[in-house]
Amino acid sequence: MSWAGPEDVYLSTSLASYLDKKLLVLLRDGRKLMGTLRSFDQFANAVLEGACERVIVGDLYCDIHLGLYVIRGENVVLIGELDLEREELPSHMTRVSDAEIRRAQKAEREASDLKGTMRKRMEFLDLDYMGGVRVHRSILFCVWLFMSLIVEGSVHEYRGERFVGKGNAFVVHGGSEGIYSSASGNLNETSVLPANGDSYIRFEKITFRRTQEFSNFSSGLVQAIVFEVEDRESIGGSAYGGQRAVCCTADLAKLGVCSEGEIIHRPSTKDPSWPQVFGVSFNADELVATLPSKSIQISSTGMYNLYFMHCDPNLKEVVVEGETIWKNPSGYLPGRMAPLMKFYGFMSLGFVIIGLFWFSQYARFWREVFPLQNCITLVITLGMFEMAFWYFDYVEFNETGIRPTGITVWAVTFGTIKRTVARLVILMVSMGYGVVRPTLGGLTSKVILVGVTFFVASEVLELVENVGAVSDLSGKARLFLVLPVSILDAFIIIWIFKSLSATLNKLQARRMMVKLDIYRKFTNALAVAVIVSVGWLCYELYFKANDVYNEHWQNAWVIPAFWQVLSFSLLCVICALWAPSQNTMRYAYSDDSTDEFDRDDGTLTLIKPSAIPSKDVRSSPEPRPVQASNGASDGDLEEDKTE
């Protein structure tokens with residue numbers, strides 16, 4: 001038998017004043033219940049009539065009906081009476097259905113789980129020592145915080161962006177993405193939260209803030225405008241053929257085509273309900289104006305643009321805060337990036353196949369392996385990791401709408417290391433490393449310097465293009481980041497072909513026919529790759545020059561995919577030429593003179609002329625073998641010293 005303690009008796013006694021009144025009850029698990037108190041006991045167990053659970057997610061709320069409800073006293077945290085004469089919630093809150101609030105709860109829960117997962121992934125940084133050097137945890141936290149601030153994806157976040165003057169309007173670019181039309185045939189335009197399979201752009205907690213200094217007046221509208229790129233000409237206009245303006249001027253207002261001080265827009269010829277324009281204004285002494293939560297359904301495939309605009313020059317120092325969520329039918333991946341997820345899946349499979357072939361040959365003939373083949377093994381391994389990281393990066397991005405910084409950085413880093421090592425391997429092969437020379441000699445430091453410089457330049461460029469990506473636009477990296485990589489690539493290519501020419505001459509002079517044959521095939525493959533690369537560069541420049549507004553976004557994924565396919569094809573050629581086998585050592589460098597000449601025509605025979613023979617007696621010539629390799633080797637050593 002249990003007895004009520006003094007606290008329970010006091011609580012139950014105080015509940016008597018709440019009988020037959022509408023209460024708000026906060027439970028230990030965070031739920032909020034509302035209803036009329038009809039009964040209670042000494043343990044504070046209470047009975048609510050007409051009970052409902054109020055669920056709030058952002059600016060959305062819903063009262064889920066429960067009916068007659070019994071609450072155990074031990075689960076109660078707080079009880080309070082509701083004032084029926086006052087508004088229960090702020091005016092900007094939007095009431096939605098049960099199904100919509102459940103979807104909002106699920107989305108909020110997934111976002112919370114993702115943050116927890118990211119924190120767990122960063123726990124490996126919580127180390128006292130790394131490589132014998134003590135690392136301060138606050139520095140690691142700052143690095144993580146910096147990376148988290150630049151994560152942007154289909155969830156576009158606005159952290160105090162300021163309006164910039166463009167003509168007679170003030171503008172903030174909210175994002176641009178290619179979006180496919182909704183998969184479901186029946187779109188509910190009034191739904192705040194779309195169903196799964198729908199394409200939409202959702203506005204959540206978008207607020208405009210102004211300073212106290214400029215808050216003593218009512219303002220004009222601050223508007224959000226969403227339009228498809230083909231309807232760009234429907235934004236703005238001009239009076240009597242004059243200068244084109246975005247904001248409605250007095251002359252245009254006299255013509256009756258717009259309201260002065262608002263954004264000029266005309267209905268689209270394809271869909272009169274587009275472009276979508278809505279806004280909010282500041283009241284006097286009001287510092288914050290909030291856009292209502294809104295979801296715009298996408299019924300037509302296209303490149304969509306979002307801009308926040310206002311025409312009031314008195315609205316100085318106004319900033320935008322909040323976020324918009326852009327979604328395609330298959331997930332949160334922007335339209336241009338969506339095909340790349342499948343592409344990297346196929347590329348991962350391709351690297352697995354070539355890896356199985358190479359590693360099986362490597363295991364069978366591991367005694368015959370020479371250093372060059374170890375470098376090729378490293379490139380294949382790096383490629384497998386790179387493709388896998390890119391695939392999982394896009395998969396998680398598609399599921400959550402937030403770009404996973406950790407996976408993206410790893411994918412970029414593995415890709416940059418792979419490209420650097422691949423270029424150095426091709427350069428070393430071109431110099432004859434492991435084939436006609438055992439080492440690079442004095443060139444080693446130069447090759448390493450070029451490799452390190454290329455890695456740093458490429459890593460910075462890739463991090464800016466991928467980790468800092470916000471909108472679904474073709475790569476528009478800064479020129480000062482692209483130029484160093486392009487110049488280094490051109491320098492390495494010239495160095496490769498110059499070295500190949502010298503190596504081919506050496507092999508021909510020494511009459512190493514087997515090695516000469518394989519080097520000629522390698523040279524032809526490289527020449528084809530360079531010619532195709534130049535042709536594709538010309539096409540890429542043509543494509544971008546004729547796609548200023550990203551209208552061809554559905555085909556833009558082919559451009560980065562081509563370079564991956566080209567490098568993979570060249571890797572396949574190298575693997576076919578230098579695959580480990582029982583005859584591998586025929587291609588390797590050896591000090592054995594008989595091997596140096598491939599055992600074919602290894603010696604040259606000089607015939608010593610004899611005196612004029614008589615008619616009956618013939619003198620047989622005296623052969624004298626001459627080791628031609630001595631001269632060639634001496635010349636090679638002298639050339640190495642010179643280089």
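Biologist: In this predicted model, does Glu 540 count as buried or exposed, and at what relative accessibility?

Modeller: Glu 540 counts as buried because its relative accessibility is 15%, and buried means under 20%. Its salt-bridge partner is Lys 544, with 3.4 Å from N to O. Lys 544 is partly exposed, at a relative accessible area of 36%. Both residues belong to helix 10 (residues 513-545), where they stand 4 residues apart, about one turn of the helix.

Biologist: Which residues are joined into one network by salt bridges that share partners?

Modeller: That network consists of Glu 386, Lys 418, Arg 419 and Glu 462. The count for the model comes to 19 salt bridges. Among them, Arg 159 meets Glu 157 at 2.3 Å, N to O. Arg 159 is partly exposed at 42%, and Glu 157 is partly exposed at 26%. In another pair, Glu 204 meets Arg 202 at 2.7 Å, and Arg 202 is buried at 8% relative accessibility.

Biologist: How should one read the packing of helix 7 and helix 8?

Modeller: Two packed helices are described by the angle between their axes and the distance between those axes. Helix 7 (residues 405-430) and helix 8 (residues 444-467) pack at about 150 degrees, with axes 9 Å apart. Helix 7 is therefore roughly antiparallel to helix 8, since angles over 145 degrees count as such. Their crossing is right-handed.

Biologist: Which residues make the nonpolar surface patch of about 530 Å²?

Modeller: The patch is made by Phe 346, Leu 349, Val 352, Ile 353 and Leu 356. Of these, Ile 353 lies in helix 5 (residues 338-364) and is exposed, with a relative accessible area of 53%.

Definitions and conventions:
Residues are numbered from 1 along each chain as its sequence is written. This is a predicted model: local features need pLDDT of at least 70, side-chain atom pairs count only at pLDDT 80 or more; totals for chains, interfaces and linings use all residues. Side-chain values use heavy atoms; hydrogens and water are left out. Patches are made of residues with over 30% relative accessible area and no salt bridge: like charges are joined within 9 Å, nonpolar side chains (Val, Leu, Ile, Met, Phe, Trp, Tyr) within 5 Å. Accessible areas come from the Shrake-Rupley method with a 1.4 Å probe; for residues, only the protein chains shown count as cover. A salt bridge is a side-chain nitrogen of Lys or Arg within 4 Å of a carboxyl oxygen of Asp or Glu. Helices (H or I, at least four residues) and strands (E, at least two) are DSSP runs, numbered from the N terminus. Buried means under 20% relative accessible area, exposed over 50%, partly exposed in between (1.4 Å probe, protein chains only). Axes are lines fitted to C-alpha atoms, for helices over the stretch in contact, and angles run from 0 to 180 degrees between N-to-C directions. Angles under 35 degrees count as roughly parallel, over 145 as roughly antiparallel, 65 to 115 as roughly perpendicular and the rest as oblique. A crossing is left-handed if the near helix is turned anticlockwise from the far one by less than a right angle, and right-handed if clockwise.
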